[in-house]
Amino acid sequence: MSITKPGNRFDTTMIVLLSIMSFSRVSLSSDGDKGLQTRANQTFGPLPKVMASASNLGTPEKIKLGKILFYEKRISVDGTVSCSKCHPFSLYAADGLRKAIGDQCRINPRNAPTVLNAAAQISAHWIGNRTNVEDQAKQSVIGPPSFGMPSFAEVESRLKEIDGYGSLFKEAFPDDKDPITVDNFAEAVGAFERTLVTPSPFDDFLSGDLQKMSEREKKGLSTFMETGCSSCHSGAYIGGQRYTKFGVLEPYGQYTKSQEIDEGRFVVTKDESDKYVFKVPILRNVAMTGPYFHDGSVDDLQRAEYIMGKIQLGRELSNEELEDVDAFLKSLTGRIPDDALLIPLLPSTN
């Protein structure tokens, strides 16, 4: 796990990285599409077919159950909340709100990020207080602003009252004597979410089809790397692999106009160096999943790009650079798996 802490060492490292990138700018822009593809593969790499987990093998039966449970709202305290409420596939598995709304219309503390391509991140949630998507699914059912259930036992009781789940859980977990448990609920939902990979034109480019990206998108890719964006937003998911202070060079609230200043991972660790530190978000499908940042404070993608350049990299991106980066980010809009777009029928209580 790569965790970046704020402070002098980090700031110095960033300055050195940006200096190196400025010297390499000529080669990035002059070595042609093939050279750009090679460099991009070294920094990013194409998506895998599935975000596999050694501790949660995704069998067809488990994935089927997980998809059904993703839509199950009868296990929320007021019968209105399911995973799909905050992560509808019609909005690329985000919800389009500044902050998600849970049971009894309670507002969540932070923006709901997409679950597409999310299962391979270092953790779940903006502040990394969930170890993975399975942990996130488990904790969500008793989260006060999420499902709001009083206990795991109550969740299991409600699932057992729905006749159809008996056979579905038994098929997914054949070795368990009593398979309807919250842990198995979490495993099933996690197994489903680990299939939610969305390859895009960018992946086709990385795989060798150099015509899948437009000239403007390629220029934006080059700009994205040259300016230092890829120092944090790297890897196949273009982010999600480290924690970084939001506002390295200037306080973020001056630009986002956030109503409240969130202390980030400090809430979890109580370490002063973790104040205003958040998980670097993945940028897959970012053009489809606004509003942006942990508090949904910015609606416009180019405005978000400008803010990131200013407070993270000390760069005031020009209008042309913003247009170029915007074009590249739109090339990351991928194809949602066909099966995920089919809404399942839920088991009857009779």
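Glu61, Lys62, Lys64, Leu65, Ile68 and Leu69 of helix α3 make contact with Tyr165, Leu168, Phe169, Glu171 and Ala172 of helix α7. Sorted by class, this contact holds seven nonpolar residues, no polar ones and four charged ones. The two axes approach within 8 Å and cross at roughly 140 degrees, which means that α3 is oblique to α7. Their crossing is left-handed. Please keep in mind while reading that this is a predicted model.

**From α3 across to α8**

Lys62 also takes part in a salt bridge, and its partner is Glu187, with the closest N and O atoms 3.0 Å apart. This pair ties together distant parts of the chain: Lys62 belongs to helix α3 (residues 60-70) and Glu187 to helix α8, 125 residues apart. How buried or exposed is Lys62? Its relative accessible area is 7%, so Lys62 counts as buried. Glu187, at 25%, is partly exposed.

Glu187 brings us to another helix pair, since it is among the α8 residues that meet α5. On the α5 side the contact is made by Val133, Glu134, Ala137 and Lys138. On the α8 side, Glu187 is joined by Val182, Asp183, Phe185, Ala186, Val189, Gly190, Ala191 and Glu193. By class, the residues of this contact comprise seven nonpolar, one polar and five charged. Helix α5 covers residues 133-140 and α8 covers residues 182-193; their axes come within 8 Å and cross at roughly 130 degrees. At that angle α5 is oblique to α8, and the crossing is right-handed.

**Salt bridges**

How many salt bridges does the model contain? The count comes to 21. Three of the pairs are set out here, with the N to O distance and the relative accessible area of each partner.

| Pair | N to O distance | Accessibility of each residue |
|---|---|---|
| Lys62 and Glu187 | 3.0 Å | Lys62 7%, Glu187 25% |
| Asp178 and Lys160 | 3.3 Å | Asp178 45%, Lys160 42% |
| Lys275 and Glu272 | 3.5 Å | Lys275 21%, Glu272 53% |

The Asp178 and Lys160 pair again connects distant parts of the chain: Asp178 sits in the loop between α7 (164-172) and α8, while Lys160 is in helix α6 (residues 152-160), 18 residues apart. Asp178 counts as partly exposed, and so does Lys160. In the remaining row, Lys275 is partly exposed, whereas Glu272 is exposed.

**A network between α10 and α14**

Some salt bridges join up: Arg216, Lys219, Glu320 and Asp324 are linked in a network. These residues also appear in the contact of two helices. From α10, Arg216, Glu217, Lys219, Gly220, Leu221, Thr223 and Phe224 take part, and they meet Glu320, Glu321, Glu323, Asp324, Val325, Ala327, Phe328 and Leu329 from α14. The class split here is six nonpolar, two polar and seven charged residues. How are α10 and α14 arranged relative to each other? The axes of α10 (residues 215-226) and α14 (residues 319-330) come within 7 Å, with a crossing angle of roughly 105 degrees. The two helices are therefore roughly perpendicular.

**Loops and backbone details**

Trp126 lies in the loop between α4 (83-86) and α5. Its relative accessible area is 12%, so Trp126 counts as buried. Which residues does Trp126 touch, apart from its neighbours within four places in sequence? They are Arg110, Asn111, Pro113, Phe278, Lys279, Pro281, Phe293 and His294. The C-alpha atoms of Trp126 and Asp295 are separated by 9.8 Å, though these residues are 169 apart along the chain.

Phe293, one of those contacts of Trp126, is found in the loop between β2 and α13. Phe293 is not a glycine, yet its phi is positive, at about 75 degrees. At 12% relative accessibility, Phe293 is buried. The loop between β2 (277-279) and α13 (301-313) is also the place of Pro291. Gly290 and Pro291 are joined by a cis peptide bond, with omega about 0 degrees.

Where else should you look for a positive phi in a residue other than glycine? Ile238 has one, near 55 degrees. Ile238 is located in the loop between α10 and β1 (243-245), and at 0% relative accessibility Ile238 counts as buried.

Definitions and conventions. Residues are numbered from 1 along each chain as its sequence is written. This is a predicted model: local features need pLDDT of at least 70, side-chain atom pairs count only at pLDDT 80 or more; totals for chains, interfaces and linings use all residues. Side-chain values use heavy atoms; hydrogens and water are left out. Axes are lines fitted to C-alpha atoms, for helices over the stretch in contact, and angles run from 0 to 180 degrees between N-to-C directions. Helices (H or I, at least four residues) and strands (E, at least two) are DSSP runs, numbered from the N terminus. Angles under 35 degrees count as roughly parallel, over 145 as roughly antiparallel, 65 to 115 as roughly perpendicular and the rest as oblique. A crossing is left-handed if the near helix is turned anticlockwise from the far one by less than a right angle, and right-handed if clockwise. Contact means heavy atoms within 4.5 Å. Ala, Val, Leu, Ile, Met, Phe, Trp, Tyr, Cys and Pro count as nonpolar, Asp, Glu, Lys and Arg as charged, and the others, Gly among them, as polar. A salt bridge is a side-chain nitrogen of Lys or Arg within 4 Å of a carboxyl oxygen of Asp or Glu. Buried means under 20% relative accessible area, exposed over 50%, partly exposed in between (1.4 Å probe, protein chains only).
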